[in-house]
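Dear colleague,

I am passing on the structure below, and after it you will find some notes on its salt bridges. Please read them with the structure open beside you.

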Amino acid sequence: MGWDESSHYYLLMIFVGSNPSSQATTSALAASQVSSKKSTKGANAKEPPEQPKKDEPPMEVLYTAKDLRFPTYVIIDGLYLPIDVDEMSLRFALNYRPSKGDIMVISYPRCGGVWVAQIVYLLLNDCVPLADANAFDQQMPNLEEYGYLMPRERNAADEVRIVRSHLPYHKMRINPMAKYIYVTRNPKDCCVAMYHYITHVSIFRFKEGTWDNFFEWFIRGRICYNDYFDHIIHYWVHRKDCHVLFLTYENMTLDHKSHIFMLANFIGGVAGTMVKDRHMLKKLIHRSSYSYMSQFFKDEAHLGNLTKGRIGEWKTMFSPAQATRLDRKFYERFGSSDIANLWRYIVRFDRPA
């Protein structure tokens, strides 16, 4: 018998918007799905996000549930998200437009966005690191989860905000006067990294799930932030825009130093000046290393913020049949574009016969 997703998975549909009763229903369901939101979200909240405007249509919210062999998500307007993202937080993110000079660090989950954000922060702050993971979330919030906690007003006229996001390009309000750094990772290692993350973080309720189960959802694009291939394609189209820098996780891993220079040149200003100092450059390389960053990304709430940086870990998980299926999908989606050459000498993708 083939794999049948309908026998293990169902969707509970709710419509939420400006109707208080529907919001209450959604809140109650969310509370039953997860005992509490991440500690940083509750501890640092000073005021709730803005209520939706009266002329904004209600969002469709779905909760996936039922079988612990499959991950649990909230689906808001068709976007698969962790269940600690609520409708108000996402609405803020979709309406957010960065200001001139702000830096958006964007990635598909588990593709190196936190690593890039750490480098960017150090480049702009004289290589002085943040104290811990909570400070990291406050200073460089994930737009969909904590974006509404950002102060409404800047602390200074020349302040540069660094904001992280996993939103697809077509969901972003682009400001060409801001800077967008997109980092991606080969789909095989990304899939394995997401499996380990979702298995160990309790909000996904996937502790009884298996690799085979998860692989099916990944290749169908039914996981956090939807289809991996769509996500990359939409940003790849804009890679030559002057406000976009497109990076790969593998090249950053293989040549950390050169990519620090690349980021510094893209950001400009004090970042470009700092990397000319050999002492500061050495310090920056160390403070953006996995061994250094892993010291303060230890608790479950921040477990997903850091990936171990292994290239080729997929070989320990993929069966030959799974590798063949993903290779086929890879060339179906990327074969006619230069994306197919991003990992040409790093990860093997066999063309289907």
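Aspartate 137 has a relative accessible area of 5% in this predicted model, and because buried means under 20%, aspartate 137 counts as buried. Its salt-bridge partner is arginine 164, and the closest N and O atoms of the two are 2.8 Å apart. This pair links distant parts of the chain, since aspartate 137 belongs to helix H5 (residues 133-139) and arginine 164 to strand S6 (residues 162-165), with their positions 27 residues apart in the numbering. Arginine 164 is buried as well, at 7% relative accessibility.

A search of the whole structure finds eight salt bridges, and two others may help you to find your way around. Within helix H8 (residues 211-220), glutamate 216 and arginine 220 lie four residues apart, which is about one turn of the helix, and they form a salt bridge whose closest N and O atoms are 2.4 Å apart. Glutamate 216 is buried at 11% relative accessibility, whereas arginine 220, with a relative accessible area of 36%, is partly exposed. Both of these residues are linked with Arg325 in a network of salt bridges.

Aspartate 230 forms a salt bridge with arginine 333, where the closest N and O atoms are 2.5 Å apart. Here too distant parts of the chain are linked, aspartate 230 being in helix H9 (residues 228-236) and arginine 333 in helix H15 (residues 320-334), 103 residues apart. Aspartate 230 is partly exposed, with a relative accessible area of 30%, and arginine 333 is partly exposed at 29%.

With best wishes

Terms used
Residues are numbered from 1 along each chain as its sequence is written. This is a predicted model: local features need pLDDT of at least 70, side-chain atom pairs count only at pLDDT 80 or more; totals for chains, interfaces and linings use all residues. Side-chain values use heavy atoms; hydrogens and water are left out. A salt bridge is a side-chain nitrogen of Lys or Arg within 4 Å of a carboxyl oxygen of Asp or Glu. Helices (H or I, at least four residues) and strands (E, at least two) are DSSP runs, numbered from the N terminus. Buried means under 20% relative accessible area, exposed over 50%, partly exposed in between (1.4 Å probe, protein chains only).
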